[in-house]
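User: Could you pick one part of this model and take me through it slowly? I'm still learning to read structures, so please explain the terms as you go.

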Amino acid sequence: MPSANPVLPETRFAAERLLPPRQAIVAFLGRVAIAPPAVERVALDAALGRVLAETIVADGDYPDAPRSGMDGFAIDSKGAPGTFEIVAEVRMGSAAGRLLAPGSASRIPTGGILPAGADAVVPFEEARVAGDAVAVGAAVASGENVIERGADMRRGDAVVRAGRVVRAGEIGVLATLGATFVPVYRRPRVALFSSGDELVEPGLRPKPGQIRDSNRYAVAASLRAMGAEVVQHPTLRDEEREFEAALTRAIAECDAVVVTGGSSVGARDRLPHAVAAIADPGIVVHGLRVKPGKPTLFGAGGSRPIVGLPGNPTSALLMLEAVAAPIFGALRGAPITVSQVPARLAEPARSRLEWTWFVPVWLEDDGGLPAAHPLPLRSFSVSLPARADGYIVMEEGDEEWPAGRLVTVHRFLGG
């Protein structure tokens, strides 16, 4: 439904009114109440990379009985030093067996259940075996080499909390707790459009004035790395009715909409006018004080975000990952985490005072901290993100960083 008081698109970008990226995201999330994701249950084997929707608590004590932490002999520590008669053997997968009388010992493997009457384990290498007897030459403390009941988890412990991304470690814990089906947030369905009359599919040879559509595939890959289910739509042509009709359907069918291209203020940039015409609240932020990516648009239809990315390939990918990621974190139920690498600048890096710059860099391993080499910031470049290992962020107060400065390199997602 269109807004009763739509924010009309600007016919130009006035630098003094542009928000820096962080403020733009705060403004958007303060205006748009993104609906919490729905919950579904998936098989344990399918839970990797999903976001846990419920806190998982331990259903009992783990381990459920005292167990040996070493291969050795289970004894009553009060008899050490001394000689013990070997009267039994604990086997894995079996109960502890007979009660150990004072002065007796039981062979026990790592992880074996400690027999009643024993309170310590002497490792094989610290004992001398002669026939059916084992000599322990030193005092042994009660509890030595013993894993107590509940030492790992106790009944009712919150072991894996809601909002955590399920990794291999969480899979292991869930299996231990018998969670064969796991409550996770449903992946957000994101409608993805490229826009522009000049775009053709990658399998076609472009005619004069045409280019292959790279944004559709790069942005889709990035969204999938954020945990989204991407619904690709046909390319939007620069016609007002087509833009509005396609966006209206996508807003109704998906949790969010992403459009690359058509987000600026040119006569053929249809996205701002379409969002203002069909959506409520419509445009929330249009234009950022950032390079690259000034024409970025954040809007919404109800609780469903609409993200307009620049058509330039480098700008589109950087704005999605470096700026818009919190929106998709809210949609999936957990923040998007970006791998960060400390490095030193190999050459000076320059930006524009009072603007935020995302500067792509490539990393060179020189045996210590890697050297970060800034790359020329050409937003039109398709190859730039592939040449780069990540990017550094120069904030509004930064204008020039000297070679040798310690920096944080943010890796591209999926790397």
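Analyst: Let's start with one pair: Lys291 has Trp357, in strand 24, as its bridge partner. Before going on, a word on the model: it is predicted, so local features need pLDDT of at least 70 and side-chain atom pairs count only at pLDDT 80 or more, while totals for chains, interfaces and linings use all residues. Residues are numbered from 1 along each chain as its sequence is written, and side-chain values use heavy atoms, with hydrogens and water left out.

Strand 24 covers residues 356-364. Strands here are DSSP runs of E with at least two residues, and helices are runs of H or I with at least four, numbered from the N terminus. Seven of the nine residues of strand 24 are buried (under 20% relative accessible area, with a 1.4 Å probe and protein chains only), so the strand is largely enclosed by the rest of the structure.

Now for its neighbours. Two strands count as paired if DSSP finds at least two bridges between them. Strand 19, which is residues 290-291, runs parallel to strand 24 and is joined to it by two bridges. Strand 26 (residues 390-394) is antiparallel to strand 24, and five bridges hold that pairing. There, Phe358 sits opposite Val393 of strand 26. Strand 25 (residues 371-374) is antiparallel to strand 24 too, with four bridges, and Val361 has Pro374 of strand 25 as its bridge partner.

How do you get from strand 24 to strand 25? The two form a hairpin with six residues between them. Look for Gly367 in that turn: its phi is positive, at about 95 degrees.

Since we've been talking about what is enclosed, let's check for empty space as well. Searching the whole structure turns up two cavities of 30 Å³ or more. A cavity is a set of points on a 1 Å grid over the protein atoms alone where a 1.4 Å probe fits but cannot get out, and lining residues have an atom within 4 Å of a point. Points are joined across faces, edges and corners, and the volume is the space filled by probe spheres set on them.

The largest cavity holds about 60 Å³, and its lining includes Gly49, Tyr185 and Arg332. The second largest has about 30 Å³, with Glu240, Glu244, Arg270, His273 and Ala274 around it. Helix 4 (240-253) and helix 5 (271-278) are the elements that each give two or more residues to that lining.

Technical notes. On a 1 Å grid over the protein atoms alone, a cavity is a set of points where a 1.4 Å probe fits but cannot get out, and a pocket is an open set with protein on both sides within 12 Å along at least five of seven lines; lining residues have an atom within 4 Å of a point. Buried means under 20% relative accessible area, exposed over 50%, partly exposed in between (1.4 Å probe, protein chains only).
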